[in-house]
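Thanks for making time this morning. I would like to walk you through one model, beginning with a single residue and then widening the view.

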Amino acid sequence: CSYHPPSESHPPAKRISQHLGTNGNDFSNGMVHIHGGTVTMPREDWERICAKLQTAEKSLAELKNSISSVSEVPPASAGTTNGYSPGTAGDTPLAAAAPMDGEMSHVRTQGVHTHNEFTGQTVHIGPSSVPALVMALGRGEAQWPGIQDVLGKKSMLPIFGLDNESATYPFVDLWGLPHGSIARANELASALPSDSECLNFFRSYRETAHVVYPAVADVEGIESDLLLFLINRASSHAGTGTTEEQIYGKNLHWIGLLFAILASGCQCSALPRKERELTSQVYICCSFECLRFTNFLSHATLENIQTLLILGNVISNNMNAGVAWSLMGLTVRLSQTLGLHRTCPPSTPLQHKIFRSKIWWALLWQDSLLSISYDRASSTTTIDHTVPLSPHSAPGTRSYVESMYRLCKVGLDIVRERQKPQNSHDALMRITEHRNELQEIMVDAADYLKDSRRCRSMRDQLEHWALYLHISYITSELCRPAISPSTANFDISKTLRKTCIDSLTNTVESFLGLQNMTPFATRSWASIHRGLSAALLLGILGEQTRNERARSLLSNFITVLGDITSNVDPAELAAPVTRSVAALERLLNLQNVRAPARKNSSDTGSGSQSSPTLPTWTAEELNGALGFGDPNLTNSPLLGLDLDSSPYALMESIVWGGNNAKTP
């Protein structure tokens, strides 16, 4: 490309207009000749300039759309501030810009402020989260007597780890000895299990927990160090080998990581439930004691970051994901002090770059699981790395870990975009773009990740079902706003509605598949949360009434959870799990009662209707199924509800308590 260099006598704008007026030059071929003097520009530079112009043009178009969408919003109500109307943001990017009272507007834009049953303190849940939708089913005892028969009297928070009255502080002081003393170091050394138990727990971690979530960057190196550590311990005399800084030749940073691995491996082990939970809890305390020993807040190391990631995962599996969320914020800050959120200098050895990158992406992995589950802003404000891909893999052969890295990035992008006001058209376009990204992840994945019949090992099976679980759930989260009646006029939303329902069904199926491979599926908070959330939404939407596949999967899901809890002391059961199972059973029972009436019209295929409705259930029947059947009840959330509009209308009516409900 050739162009005239700028000069005072020929201002650029005037020069170009004169040139086009006199010579009619065509810029499309990348060549410009102006008044004799020319400068040659490489074609790639010209293309870059054109790309920037296209970006600017797109930005102007988006600005125009935003101005148009603002002009369509009703005048500000009590819930608006500084001229901003929450109707454009809503509880999803696609929420209808309809008039609403100030309190409802606040809920739709800012989320739900519920409270902890034990402390009475406020707990925030994002407006687009599944917990916010399901949690509201347990509220409003005064308004809807009888709902406790379905979900119990307490809130739904405990099932998501945000409210657990039976939980103790995870990092209790086991010994009450002076901090940093040799006496504490000796107690830590004594708390280490025998050689056989160490190896068994480590094997359980490596073959299960690490496969599903690889928080340790070099598990083979840890295994090698562990074998040497056990040899050194065996050769040490009684009362020797321990100092304030080392235990049997390994520093306390490494010892803390070992205890965290043992805690995670114990969760995956075949120990009896009570012994497994108590032993794991002891190792959690020992691991955190090592962190205190090393003053990790001031002197963080890469071992500390990996330790915290494993501890966060183990704590969430103890149904304390809310604590894991808080711990994640600390872990992110410590990681940033080490510069893990930035790329390494060019002089950094390649292996060290890979090591650091694995730790950072393990952090993003856990952050994405928690953020999208609660619809809270991600703790990692920047992602300054490209997804690390092995030089030995290629599209069609990408590994489970590489696929999950890409999936977690999409999940974090979804959460961040939820915070930005968007009109329905733009939001649907973004949904389509992310859906294409998710489809590309599966296209690029190895064959065994796409087809369980291609699996050749237990590890292959674990990775297949784990990826299927997470990508199905993320897809349902992505497409769930398309069920909103405000998008009914968009052709693209019809396809996305079906995708959302099918993805919820796939999530339940993948949980059952993972559970068939390992009992750890029922101990993993991520899998339990995803499976249970999807099952509850399917049941509330009434999908089992028209989809035989969904009905069968929900029935199997209830059976699996029932088998898990059948041998547990009722006093130790997680009440929300039993309430949720009871709700699903009631909905399935209603489906069985109405089965004859649907015999000629039910959908027995594997898919869902593209535009799901609730034509076969009356409001009275749904009131009974959900516990709203009190004859004295005058303000049921279903009264006056148009059941033909959308199952999401039913969901929102239950969640927000109809037009008269007020959020505390």
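**One glutamate, then the whole chain**

Let me start with Glu417, which lies in helix H14, residues 400–418; helices here are DSSP runs of H or I with at least four residues, strands are runs of E with at least two, and both are numbered from the N terminus. Before going further, I should say that this is a predicted model, in which local features need pLDDT of at least 70 and side-chain atom pairs count only at pLDDT 80 or more, while totals for chains, interfaces and linings use all residues. Residues are numbered from 1 along each chain as its sequence is written, and side-chain values use heavy atoms, with hydrogens and water left out.

Is Glu417 buried or exposed? Its relative accessibility is 14%, so Glu417 counts as buried, where buried means under 20% relative accessible area, exposed means over 50%, and partly exposed is in between, with a 1.4 Å probe and protein chains only. The side chain of Glu417 makes a polar contact with the side chain of Arg430, at 2.3 Å; a polar contact is a pair of N or O atoms within 3.5 Å, and within protein one must be able to donate a hydrogen and the other to accept it, with residues adjacent in sequence counting only if both atoms are side-chain atoms. Setting aside neighbours within four places in sequence, Glu417 is in contact, meaning heavy atoms within 4.5 Å, with Gln422, Arg430 and His434.

Helix H14 also brings us to the second largest pocket, since H14 is among the elements that each supply at least two residues of its lining, alongside H7 (195–212), H8 (219–235), H13 (350–374) and H17 (458–479). On a 1 Å grid over the protein atoms alone, a pocket is an open set of points with protein on both sides within 12 Å along at least five of seven lines, a cavity is a set where a 1.4 Å probe fits but cannot get out, and lining residues have an atom within 4 Å of a point. This pocket has a volume of about 920 Å³, and of its 38 lining residues the closest to the centre are Ile354, Lys358, Pro388, Val401 and Tyr405. H13 gives the most to this lining, with six residues.

Turning to enclosed space, the count comes to seven cavities of 30 Å³ or more, and the largest has a volume of about 220 Å³. Of the 21 residues lining this largest cavity, the closest to its centre are Val212, Asn313, Leu369, Ser524 and Ala526, and the elements giving two or more residues are H7, H11, H13, H17 and helix H19 (525–541).

Two backbone details deserve a look. Tyr248, in the loop between strands E5 (246–247) and E6 (250–251), has a positive phi near 50°, and Asn295, in the loop between H10 (273–293) and H11 (302–317), has a positive phi near 55°. Tyr248 is buried at 14% relative accessibility, whereas Asn295 is partly exposed at 37%.

Finally, the chain as a whole has 23 helices and six strands, and of its 664 residues 52% count as buried. How confident is the predictor, on the pLDDT scale from 0 to 100? The chain averages a pLDDT of 73, with 60% of the residues scoring at least 70, and the value stays under 50 over residues 137–153 and over residues 595–617.

Notes:
Points joined across faces, edges and corners; volume = space filled by probe spheres on them.
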